[in-house]
Number of protein chains: 4
Amino acid sequence: MPCVDPANPSSRSSRAESQARTRERLIEAARQLLVSHGFGGTSIRDIAERAGFSQGAFYSNFSGKEDILLELLRRYMEDEAAQLSAVLDRSGDAADAMLAGLELWAAELDRETDWAMLSIELQLHAQRSPAFAVAFLGVWEAHRHALGQLLTRLFHGLGRQLPAEPSALAAGFMAMAHGLALQRLSAPDGPGDCVLMVFLRGLIAGAAPRGDGPGC
Amino acid sequence: MPCVDPANPSSRSSRAESQARTRERLIEAARQLLVSHGFGGTSIRDIAERAGFSQGAFYSNFSGKEDILLELLRRYMEDEAAQLSAVLDRSGDAADAMLAGLELWAAELDRETDWAMLSIELQLHAQRSPAFAVAFLGVWEAHRHALGQLLTRLFHGLGRQLPAEPSALAAGFMAMAHGLALQRLSAPDGPGDCVLMVFLRGLIAGAAPRGDGPGC
Amino acid sequence: MPCVDPANPSSRSSRAESQARTRERLIEAARQLLVSHGFGGTSIRDIAERAGFSQGAFYSNFSGKEDILLELLRRYMEDEAAQLSAVLDRSGDAADAMLAGLELWAAELDRETDWAMLSIELQLHAQRSPAFAVAFLGVWEAHRHALGQLLTRLFHGLGRQLPAEPSALAAGFMAMAHGLALQRLSAPDGPGDCVLMVFLRGLIAGAAPRGDGPGC
Amino acid sequence: MPCVDPANPSSRSSRAESQARTRERLIEAARQLLVSHGFGGTSIRDIAERAGFSQGAFYSNFSGKEDILLELLRRYMEDEAAQLSAVLDRSGDAADAMLAGLELWAAELDRETDWAMLSIELQLHAQRSPAFAVAFLGVWEAHRHALGQLLTRLFHGLGRQLPAEPSALAAGFMAMAHGLALQRLSAPDGPGDCVLMVFLRGLIAGAAPRGDGPGC
DNA sequence: TATGAATGAGTATTCATTCAT
DNA sequence: AATGAATGAATACTCATTCAT
């Protein structure tokens, strides 16, 4: 009898599990290749080969190169959001703890060059594919907003006025973080991400006490 | 007959001029396409076509795609160096004038998104081609050094201590400028380059008076 | 649970019914796609998808694309034979009734462009697959013979001599019918199938009274 | 000196000649393959291979598969037009000569199965590609008109009334000719194209003397 | 029986590059 | 110096077919 006992997950789910494993391996292969060779320099054949599958396997899991990029975007977002909310949660409203948390986050960025490179590839591709841009923009704004909130709470805790719109400052920090990551690869002897903290401290030091309006 | 008399110097120079024109048109076409489609998305055929020449004409002037990229890098460098030295020259040692000059420079960056995109493409390609990386690194360091000098003179004029290595700060500014340019394209409603100045003012405000050592 | 009790005959027959339904839906999907996209332009995936099944379901019912084509051939043959024998039966030996019947048949062909297109696809495929050609030839000859008999009886009833072999004339009529159907699709403002009857009437008018031999 | 003497055609034209030869070989290869394997069954790789060139050579001569089909259509048209006008020219207004000419033409069709098959492929493709249909329709109508004129002159010369619109009768003859060619390949023992003449003679015999109107 | 993930060979098309002209 | 036809390898993607479930 070809019947399957729905109570037995081992047989029923092994198929789904197997496919999930395939998908996962393809995604990881794509991430590595996109980071090191860029969108244009990464072929689907390469992705499938590195994952140890045929090209057809790629196409039964994704509709094309942009599709797997969207999946990477989704994961990138989740990862970043988790990191930021961790900083927020760990430090509560204590400004010192928050600063320390951000320092940790900046140091983290320093090591996770991959995500930074991927972010740049995603931004570049968003600029070139309108369809992808839509998806990307949503993620980006959410990300900028989260970092902006963190900055707001930090300055509030320090009794300082934010010198510009929170999301504008957040954009500046993200831009610098990504730009530095990009530099680090081509010029490995450049400055680390401690520069980021130098700028943050400068911003704090230069910020007016609460009461004045933002300046930008 | 389209023959040229080799004894006639005027025609000989017109030949050289004609070749220079060809080269120029190819470079400009390559710049536009690289900015809008990226290195991987730009084919030599497209470059030649947009310039109004055959593919063979491209190969008569450049040895390949990387070769024309090097030419673009050289021009990018010249352009940036000229801009920075203009800021330096115009303002002498007056801190106020220098700050105003930098503000102008930041505003300039805001408009010249093309150069920023090209810079990112160059950085990405440097990461992928060791041969290109060598050439790129030289230009990059020179550039960073020039901007660092400007910052040194600026802080000196203001009687302040640089909060970090000049070239590290320069790297940070360049990273932010490029990162912001990238963001601006995918998210056009984001913040302008005034953010750059906010950070610079913060750095100045937070900088210790001369005497203490740098902190990074 | 989706299990079926094998001891229950009603469910067993419903299984057979279900399979027959699957088969039927696949055949109909294949017919539509073959007519509109041709043999080469129709993929098994498309057939299964249009029928609402998986590709595996197709292979559970047919051994390949040619197999389902054979099934379509069988049905085509049955349909045509039924139509012709209906004309024969309805009209008995009365020449007038037979002519009227044929006129009806021609008009029918005019509407059923699908079968004509399918017939052309079948003929084309027969030319390309020897295995299929064998099956096709049998059907074709039977068909030609049936139409030939009809013509024989018609001319006999009219007291005329057939101007050529019955099956040769039948072949001519079928050729014209299919060719006209093909034309009608690419050139919809062309002549209808009344042309067929014009030719038939011409044949009758030009036929010698019984006694002389055929001329071809 | 790289100058070329424009008076010497051998060097200047050898390039064009060489390309024309390439193009010609590709067209001939495409014709053969399209006739024997159909549009869907013919790949560009096959065409290039049979012609002895690379796939790239195909693409420097044609923009795609449909493009070479259009070229074949053009040649088919020219060929058919030439054949029909030859029949017309050779026979003047003499009905007998014209009939003999047509008989020759029918016999010719019998041998040139290739063109008939190609015509069917063209018709099928016209049905599936709107862009191609436009080009095809023009050719088709011209062809039908030419054959219609021939029939008009023939019947006029015989003092008979055409039993239907000239172009409708022409469509019928062309349909039969193509349908018979198709049959001949799958059923080689079928009737030859003499059937065509039987139908033509029937049409003439059944035609009313001049004065009555057409019947369709 | 029916599923659909996976395969491997195939499809059309584009690429950087060469070379006779 | 500039042309552009031709190459051969690469590209994204589709195909018929298999097989564990």
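In the predicted model, chain B and chain C are not joined by any contact, and their closest C-alpha atoms lie 32 Å apart. Contact is likewise absent between chain A and chain D, for which the closest C-alpha atoms are 21 Å apart. Interfaces are found instead between chain A and chain B and between chain D and chain C.

The relation between chain A and chain B was examined by superposition. Chain A is brought onto chain B by a rotation of 180° with 0.0 Å of shift along the axis, and the RMSD is 0.1 Å. The two copies are thus related as by a two-fold rotation axis. Of the interface residues of chain A, 100% are also interface residues in chain B, so the copies meet through the same surface.

The interface of chain A and chain B brings 48 residues of chain A into contact with 48 residues of chain B. The size of an interface is often expressed as the accessible area that is lost when the parts come together. Between chain A and chain B this buried area is about 3700 Å², with carbon and sulfur atoms giving 71% of it. Three residues, A:Arg128, A:Gln183 and A:Phe199, supply 16% of the area that chain A buries against chain B, which is more than any other three residues.

Polar and charged interactions also cross this interface. Side chains of opposite charge can pair when their charged atoms come close. Two salt bridges are counted between chain A and chain B. One of them pairs A:Arg128 with B:Glu121, with 2.9 Å between the closest N and O atoms; A:Arg128 is also among the three residues that supply the 16% share of the area buried by chain A. Six residue pairs, both members at pLDDT 80 or more, are in polar contact across the interface of chain A and chain B.

The side of chain A that touches chain B draws at least two residues from each of helix 1 (9–37), helix 6 (113–128), helix 7 (130–157), helix 8 (166–186) and helix 9 (194–206) of chain A. Helix 8 of chain A gives the most, with 14 residues. Classified by residue type, this side of chain A has 30 nonpolar, 13 polar and five charged residues.

The other pair was treated in the corresponding way. A turn of 180° with a shift of 0.0 Å along the axis lays chain D on chain C, with an RMSD of 0.1 Å. Of the interface residues of chain D, 100% are also interface residues in chain C, so the copies meet through the same surface. The contact involves 48 residues from chain D and 48 residues from chain C, and about 3600 Å² is buried between these chains, 71% of it on carbon and sulfur atoms. Within chain D, the residues that lose the most area to chain C are D:Arg128, D:Gln183 and D:Phe199, together accounting for 16% of what that side buries.

Two salt bridges are counted between chain D and chain C. D:Arg128 forms a salt bridge with C:Glu121, in which the closest N and O atoms are 3.0 Å apart. Between chain D and chain C there are also six residue pairs in polar contact, both at pLDDT 80 or more. Helix 1 (9–37), helix 6 (113–128), helix 7 (130–157), helix 8 (166–186) and helix 9 (194–206) of chain D each give two or more residues to the side that touches chain C. Among these elements, helix 8 of chain D gives the most, with 14 residues. The side of chain D that touches chain C divides into 30 nonpolar, 13 polar and five charged residues.

Annotated regions were then considered for chain A. An unreviewed UniProt entry assigns "domain: HTH tetR-type" to residues 20–80 of chain A. Over residues 20–80 the chain is 80% helix and 0% strand, and the end C-alpha atoms are 23 Å apart. The unreviewed UniProt entry also lists residues 43–62 of chain A as "DNA-binding region". Residues 43–62 of chain A are 75% helix and 0% strand, with 14 Å between the end C-alpha atoms.

Over all chains, a search of the whole structure finds 40 salt bridges. Within chain A, the side chains of A:Glu71 and A:Arg75 meet in a salt bridge with an N to O distance of 3.0 Å. A:Glu71 and A:Arg75 are separated by about one helical turn, because they lie four residues apart in helix 4 (residues 65–91) of chain A.

Technical notes. Residues are numbered from 1 along each chain as its sequence is written. Chains are lettered from A and ligands numbered from 1 in the order in which they are written. This is a predicted model: local features need pLDDT of at least 70, side-chain atom pairs count only at pLDDT 80 or more; totals for chains, interfaces and linings use all residues. Side-chain values use heavy atoms; hydrogens and water are left out. Copies are superposed by least squares on the C-alpha atoms of residues with pLDDT of at least 70 in both. Contact means heavy atoms within 4.5 Å. UniProt positions are given in the numbering used here, feature names are shortened, and annotations may be inferred rather than shown by experiment. Buried area is the accessible area (1.4 Å probe) that two parts lose on being put together, summed over both. A salt bridge is a side-chain nitrogen of Lys or Arg within 4 Å of a carboxyl oxygen of Asp or Glu. A polar contact is a pair of N or O atoms within 3.5 Å; within protein, one must be able to donate a hydrogen and the other to accept it, and residues adjacent in sequence count only if both atoms are side-chain atoms. Ala, Val, Leu, Ile, Met, Phe, Trp, Tyr, Cys and Pro count as nonpolar, Asp, Glu, Lys and Arg as charged, and the others, Gly among them, as polar.
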